[in-house]
Amino acid sequence: MIIFMRYEKIDAIFNQFHISHYRSQVEQILDLESIYHKLANPEFLTITAALKQKLRDGAAEEDIKIHAFALIREAACRVLGMRPFPVQVLGGLVLNDGCVAEMKTGEGKTLVAIMPAYLNALSGKGVFVVTVNDYLAKRDAEQMGRVFAFAGLTTGLVTSGMSTAERKAAYQCDITYGTSSEFGFDYLRDNIAADLDDQVQPRRHFAIIDEADSILIDEARTPLIISGDQTRDAGEYERADRFIKSLTPADYEKEEKEKVITLTESGIAKAEAFYHLDNLAAAENTTVVHDIEKALYANGMMDNGVDYIVQDGKVVIVDQYTGRVMPSRQFSDGLHQAIEAKEGVTINSETKTLATITIQNYFRHFDKIAGMTGTAQTVADEFRTVYHMDVVSIPTNVPVQRVDKPDQIYTTESAKLRAVTAHVKACLKKGQPVLIGTASVNASEKLSAALTRAGIPHTVLNAKHLEQEAAIIAKAGQRGAVTISTNMAGRGTDIKLGPGVREAGGLCVIGTERHESERVDNQLRGRAGRQGDPGVSQFYLSLEDNLLKIFGGPRAEKLIAKYVGYPKDKPIVGGAAERAVKAAQDLIEAKNADQRKNVLKYDDIISRQRDLIYKERQAVLESGSLAGQIDAMADDAADAIIDECVTDDYKVDTQQFIQKLKAYNIAIPQNELVQIRDLDTLKQALVAKFKALHADHVAEFGETLANNMERLVLLRQVDAAWIDHLTATSQLRQGIGLRAYGQNDPVVEYSRESGELFDAMNRRIVLETVKALANLTNY
């Protein structure tokens with residue numbers, strides 16, 4: 001009877017969601033439940049070993065998939081007391097096919113991932129399970145790691161602050177949990193490592209990405225960057241900050257929608273007077289202009305408590321999507337230092353890019369990727385275009401019971417906060433817990449003050465209270481609990497309902513502001529009504545919210561004008577306000593999508609160059625001997641040196657040639673040069689000199705030490721040239737958009753000019769390496 005009911009439910013699922021090609025696989029996995037249920041615990045290790053052996057013997061993963069899913073499903077039941085539901089098995093199959101599984105919040109995506117993770121880890125190539133923050137990575141690795149260990153696989157965890165040895169050990173495990181930034185930064189660090197022993201991430205086989213739209217879409221606008229310090233006088237940042245703080249609003253123009261702020265004519269005049277300059281735009285004042293621009297942006301566009309917080313005397317970035325602090329990251333190009341000057345804290349060194357990659361291009365290095373999230377369909381086209389991943393909607397295990405009430409929109413922010421307070425009081429009367437979502441640290445503290453004045457006990461979860469996160473979340477679903485949170489309580493947060501809460505209506509989620517993306521709003525709603533629990537959600541908005549003020553456009557302006565004098569504590573009736581909010585969100589989503597597309601276009605060009613450099617660099621690290629490569633470089637260097645000294649009539653300027661050779665620690669007497677009649681003979685003589693120097697070094701240091709010294713020299717030259725190339729292409733990128741005014745495609749122009757820069761970089765690597773090796777004793 002149980003089996004019959006199960007299949008009856010499957011009929012409804014597959015008929016409704018048009019995913020019938022998975023039906024037979026799900027049924028086969030469920031059929032094996034009775035067999036695996038009878039196994040003794042030690043037999044799980046035996047079967048895992050047998051499955052691994054089958055793969056080594058030539059079987060395909062597809063051949064063992066059904067049994068692998070069935071085994072780990074039973075293991076989860078024994079270890080956690082949770083056997084994946086049929087819809088979760090379906091989600092696992094979708095992930096295994098390299099798709100995005102859209103599963104409603106609360107449907108147990110963490111458990112879904114263990115099935116494809118187990119299967120793909122059996123090959124020994126490793127699986128990464130990617131989460132949005134360290135807290136979730138640690139939680140999932142600990143909980144699901146017990147299941148994998150029961151079945152005979154190892155689990156690793158990569159988080160910030162770990163040593164190289166700890167990271168290396170984590171990556172050697174069958175399944176490794178971590179965040180996209182940790183995985184991406186380890187990839188970059190590996191590719192600037194000076195020794196094979198310093199590399200930690202040996203393989204990129206299969207990645208399962210939780211909250212895939214957040215990681216692959218939202219975070220894709222910001223590339224991962226590893227930076228090194230540049231020495232600059234901190235006083236210059238402080239000087240620029242003093243100048244900016246002396247300005248009036250008439251001295252600059254601010255466009256919040258485009259996030260642009262510039263000096264007006266009066267501001268430029270004041271800058272020239274402040275810095276004692278005749279012409280601020282003159283080429284020699286580039287550094288001053290840069291300092292002014294960053295200080296102006298720091299003071300005019302960056303907000304403490306929104307974009308960053310000051311913690312323990314340091315400026316710490318706040319991730320706008322997760323609400324979490326990112327202590328190991330800095331704003332680039334001097335902006336971080338400008339903010340430090342603004343806040344009056346210690347100014348750290350400005351950074352220079354050592355290595356960079358976009359999220360898109362990092363995950364393109366994997367053999368296969370899959371994703372899961374509750375909010376994917378609205379960006380399905382982007383998943384398909386950029387990552388070649390289809391989105392498959394998975395039905396819920398039980399119908400969603402949450403009631404999503406219409407938005408309440410007020411004319412003023414103060415009226416909105418009063419309405420939120422009244423709603424919270426009504427919930428508390430019946431013991432219903434409340435989770436209130438805010439868009440920033442500042443907003444959470446402002447709301448906290450309002451609830452305090454109203455005498456409502458509550459807790460606050462934001463970037464300033466990170467260490468209390470687990471304790472706050474554990475209590476958020478108890479009777480009478482009121483929790484104010486930024487996006488920290490959004491994605492991946494599972495709020496368990498306490499005794500009597502279901503009878504009180506379940507968790508009530510209140511949103512106090514719409515986010516730039518409707519997907520983030522839906523994630524907040526999804527904290528309530530999980531796995532068939534009751535719940536309710538409602539957003540309270542105002543015409544003074546940033547979303548409408550900055551992005552609302554003419555429609556919002558008309559709406560605001562229409563409701564001048566409207567009763568403050570009365571919600572606006574009609575759909576015009578809701579349509580204005582939706583239009584503003586659509587505008588931002590389109591703008592962000594264009595920005596991601598643009599970032600990717602340019603990074604795709606650099607990506608090809610980066611892959612070539614990293615491949616050659618890795619070959620240098622892994623090579624036993626560099627003699628052949630050094631000989632080839634000597635040959636290329638000889639050609640370049642001779643080309644520079646050849647006159648228009650194809651003769652060598654001997655004086656210039658002799659002078660140039662001094663930098664290479666080589667001397668060819670003029671009386672010998674005059675005996676050489678053609679360029680080929682001259683090249684052979686020069687190459688012979690380089691090879692003689694190399695032989696001298698081998699004789700002096702021994703073959704092993706000489707080879708290691710050559711490797712270090714070459715890596716230094718490659719790294720220095722690549723860093724300068726990144727700086728040059730970044731500067732090229734900043735001004736390339738202006739080419740459109742000349743009817744030229746900026747991307748085509750960027751591709752051509754960055755290619756020329758890349759060729760010049762390679763020539764520099766050859767010449768500087770040969771020069772350094774020729775002077776090896778003094779290097």
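This text walks through the sheets, a pocket and a few single residues of the structure above.

The structure is a predicted model, in which local features need pLDDT of at least 70 and side-chain atom pairs count only at pLDDT 80 or more, while totals for chains, interfaces and linings use all residues. Residues are numbered from 1 along each chain as its sequence is written, and side-chain values use heavy atoms, with hydrogens and water left out.

Start with the seven-stranded sheet. Strands of a sheet pair through backbone hydrogen bonds, either parallel or antiparallel. Here seven strands form an open sheet with parallel pairing. Their order is 3-4-2-5-13-1-14. Strands and helices are DSSP runs (E, at least two residues, for strands; H or I, at least four, for helices), numbered from the N terminus. Two strands count as paired if DSSP finds at least two bridges between them. Strand 3 (155-158) and strand 14 (391-393) stand at the edges. Each has a single partner strand, so one side of each is left without a neighbour in the sheet. From one strand to the next, the twist averages 20 degrees.

Now look inside this sheet. Strand 5 (residues 206-210) and strand 13 (residues 368-373) pair in the parallel sense over five bridges. I208 stands opposite A370 in strand 13. Helix 10 (residues 180-190) packs on the sheet. This helix touches strand 2 (127-131), strand 3 and strand 4 (175-179). Touching, or contact, means heavy atoms within 4.5 Å. The direction of helix 10 makes about 105 degrees with that of strand 4. Such angles run from 0 to 180 degrees between N-to-C directions, and the axes are lines fitted to C-alpha atoms, for helices over the stretch in contact.

A second sheet has three strands. They form an open sheet in the order 9-10-11, and the pairing is antiparallel. Strand 9 and strand 11 are the edge strands, each pairing on one side only. Strand 9 (residues 308-311) and strand 10 (residues 314-318) pair over four bridges. V310 stands opposite V315 in strand 10. The two strands form a hairpin with two residues between them. In its turn, D312 has a positive phi of about 55 degrees.

Strand 10 also pairs with strand 11 (residues 325-326), in the antiparallel sense over two bridges. The bridge partner of I317 is M326 in strand 11. This hairpin has six residues between its strands, and G323 in the turn has a positive phi of about 75 degrees. How many of the five residues of strand 10 are buried? Four are, and the strand is mostly covered. Buried means under 20% relative accessible area, exposed means over 50%, and partly exposed lies in between (1.4 Å probe, protein chains only). Helix 15 (residues 335-343) lies across strand 9 and strand 10, running at about 125 degrees to strand 10.

Strand 19 (residues 482-485) comes next. V482 and I484 point one way from strand 19, T483 and S485 the other way, and all are buried. Strand 17 (residues 434-437) pairs with strand 19 in the parallel sense over four bridges. V434 stands opposite V482. Strand 18 (residues 459-461) pairs with strand 19 in the parallel sense over three bridges. T459 stands opposite T483.

Turn now to empty space. The second largest pocket has a volume of about 870 Å³. A pocket is an open set of points on a 1 Å grid over the protein atoms alone, where a 1.4 Å probe fits, with protein on both sides within 12 Å along at least five of seven lines; lining residues have an atom within 4 Å of a point. Grid points are joined across faces, edges and corners, and the volume is the space filled by probe spheres set on the points. The lining counts 36 residues, of which G106, G108, D494, K496 and R530 lie nearest the centre. Helix 7 (109-121), helix 8 (134-150) and helix 20 (469-475) each give two or more residues to this lining. Helix 8 gives the largest share, five residues.

Some single residues complete the tour. C99 is buried, with a relative accessible area of 10%. C173 also counts as buried, at 15%. The whole structure holds zero disulfides (pairs of cysteine sulfur atoms within 2.5 Å). I268 lies in helix 13 (residues 265-274). I268 is partly exposed, at 33% relative accessible area. Not counting residues up to four places away in sequence, I268 touches L263 and L280. The C-alpha atoms of I268 and A151 are separated by 68 Å, and the two residues are 117 residues apart along the chain.
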